[in-house]
Every structure is written in structure tokens, then in C-alpha cells.
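Please open the structure in a viewer and keep the selection tool at hand. The tour below proceeds from one selection to the next.

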Amino acid sequence: MLTRKQLDLLDFINRRVQRDGVPPSFDEMRDALDLRSKSGIHRLITALEERGFIRRLAHRARAIEIVRLPDSLGGEAALGRASGFTPQVIEGDGPAAAPAPASRPAAAMEVTAEAVELPVMGRIAAGVPIEAISERSHGVAVPGAMVGRGSHYALEVKGDSMIEAGINDGDIVVIREQDTADNGDIVVALVEGQEATLKRFRRRGAAIALEAANPAYETRVFRSDQVQVQGRLVGLIRTYG
């Protein structure tokens, strides 16, 4: 049986994985549970792991996988809905793409009822912004449950500014094409019409902050007319080879 704090934390992690495709940071967990330090979060995470509700993955930043949910959070049914956003591992490698001017990405092409082939539009910066790719370099198959409705595309991550969000250099991120975002969403943002970057979106009055998930990088703040949202992160694929 879980304590109220353990249940609240598991519910928060589950909801964030469903929304963003990656678990929240320890700072976000601390703030959500109104705790004073991250040590309390570490104790709760350990307790959830010992009880078999989550699993921490070695050698990956902020990698938490939900194994099961209690009945009070929907049990297996809710876990099934969340599993579509769990990072998928695809063996093999793909060709690196060269930078080119950014443009509207292509829509997803359905392959089967179980899988969808997405165009990999090239590289996106998770660090200092670089130009996004406008032309399809290759395709990647992803589980159909990961994308749902709407148009989607994939980008190869370049840089380490989002490592505490579980997004590493060389990962493939799956993006739902949209031009709006809520606070806290991880988005593809086009800056001043020229540079694209993958960051967490925050609206600050008339300004927009693009936050890194790595303390080595500063938050960048722009006027709202300088930032165009091109999509929201819905999944992640880690490739090997």
C-alpha cells in the first residue's frame, strides 16, 4: 500500500510521461509535491521502486519507467494508455543529415495499424540553436500508439541541453506538428525565423522563455513575435549501432 505522497508522486510522473513522453525532473517533482528538498523525492522514488511500481534505468539521465499502477490510478488500463509515450528502442543507425533552412515538416505516413513511418527531417539543436532540416533525410518506424491523431515528424537531436529531460545527443524525437504550446511543454521552436531548437516552453507575460534541461545552459528569453512553435514532443526513440 502506498502513502499519499508516494501515490501523488506516481500520479504526477504518470501524467507527465503521458503528456511529454519523458518523466519530470526531480526539481519539478519537488515543486509538484511541495517538498523543501530533492532528498524527499529520492526517498519516494526509492520506495516506489522497491514496491515494483517504477524502474530506474541505468546510465540514462532522469530515466524512470512506470512498471505498473495501483487501481486508484487506473491500474493496467491507465498504464496501457501511458505506454504509447514510453521511449522506444530501435536497433540500427541512420544517416546523419546536413543542415538546411527550416520549413514546415511533412506529415506522417501510415505503414500498418501497428506502426507508422515518420519522415526524419534532419537535426534539431538541444543546445545553441542551429538551422533545422527542411528536407526528409530518411524515415523511421514508430509504434502507432506513440503518435495518435494529427501530423507528426521526427528529428535527430544534436546537443546535450535537454539531458535532464531524458533526451540525449543522437536521440530521435517524435514531434506532433502544432503552432501552440502550454507552459512546460517541450517544443520545437523556430527563433527569429532562422534557428530551430528543442526546449521547454514558458510564457512570461509578453515574453517567451526557452528553458534547457541542463544547468550548464541558460534560459533564453525572447519577445513573443520572435518565437514560432513548430511542434510538441510526444515521444523519443533511442537508436544504437
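**Salt bridges**

Begin by selecting Asp-225 and Arg-223, which form a salt bridge whose closest N and O atoms are 3.0 Å apart. Asp-225 is exposed, its relative accessible area being 59%. The model under inspection is a predicted one, and it holds 12 salt bridges.

Next, select Arg-202 and Glu-211, another salt-bridged pair, with 3.2 Å between the closest N and O atoms. Glu-211 counts as buried because its relative accessibility is 18%, while Arg-202, at 25%, counts as partly exposed. Keep Glu-211 and add Arg-204: their side chains also meet in a salt bridge, at 3.8 Å from N to O. Arg-204 is partly exposed, with a relative accessible area of 44%. Extend the selection to Arg-16, Glu-28 and Arg-200, and a network of salt bridges appears that links these residues with Arg-202, Arg-204 and Glu-211.

**Helix H3**

Now select residues 38-50, which make up helix H3. From first to last C-alpha, the 13 residues of H3 reach 18 Å, close to the 18 Å expected. Which residues of H3 are buried? They are Gly-40, Ile-41, Leu-44, Ile-45, Ala-47 and Leu-48. These residues lie on the same side of H3, because they cover an arc of only 160 degrees around the axis. Show helix H1 (4-20), helix H2 (26-32), strand E1 (54-56) and strand E2 (64-66) to see what the buried residues of H3 pack against. On the face turned away from the buried side, select the exposed residues Arg-43 and Glu-50.

**Beyond H3**

Just after H3, select Gly-52, which takes a positive phi of about 80 degrees. Finish at Phe-53 and Arg-68: the charged end of Arg-68 sits over the ring of Phe-53, 3.9 Å from the ring centre.

Terms used. Residues numbered from 1 in each chain as written. Predicted model: local features only at pLDDT ≥ 70, side-chain atom pairs only at ≥ 80, totals over all residues. Heavy atoms only, no water. Lys NZ or Arg CZ within 6 Å of the ring centre and 35° of its normal. Helix = DSSP H or I, 4+ residues; strand = E, 2+ residues; numbered from the N terminus. Expected span 1.5 Å × (residues − 1). Buried < 20%, exposed > 50% of the residue type's maximum accessible area, 1.4 Å probe, protein only. Arc of directions from axis to C-beta. Contact = heavy atoms within 4.5 Å. Salt bridge = Lys/Arg side-chain N within 4 Å of Asp/Glu carboxyl O.
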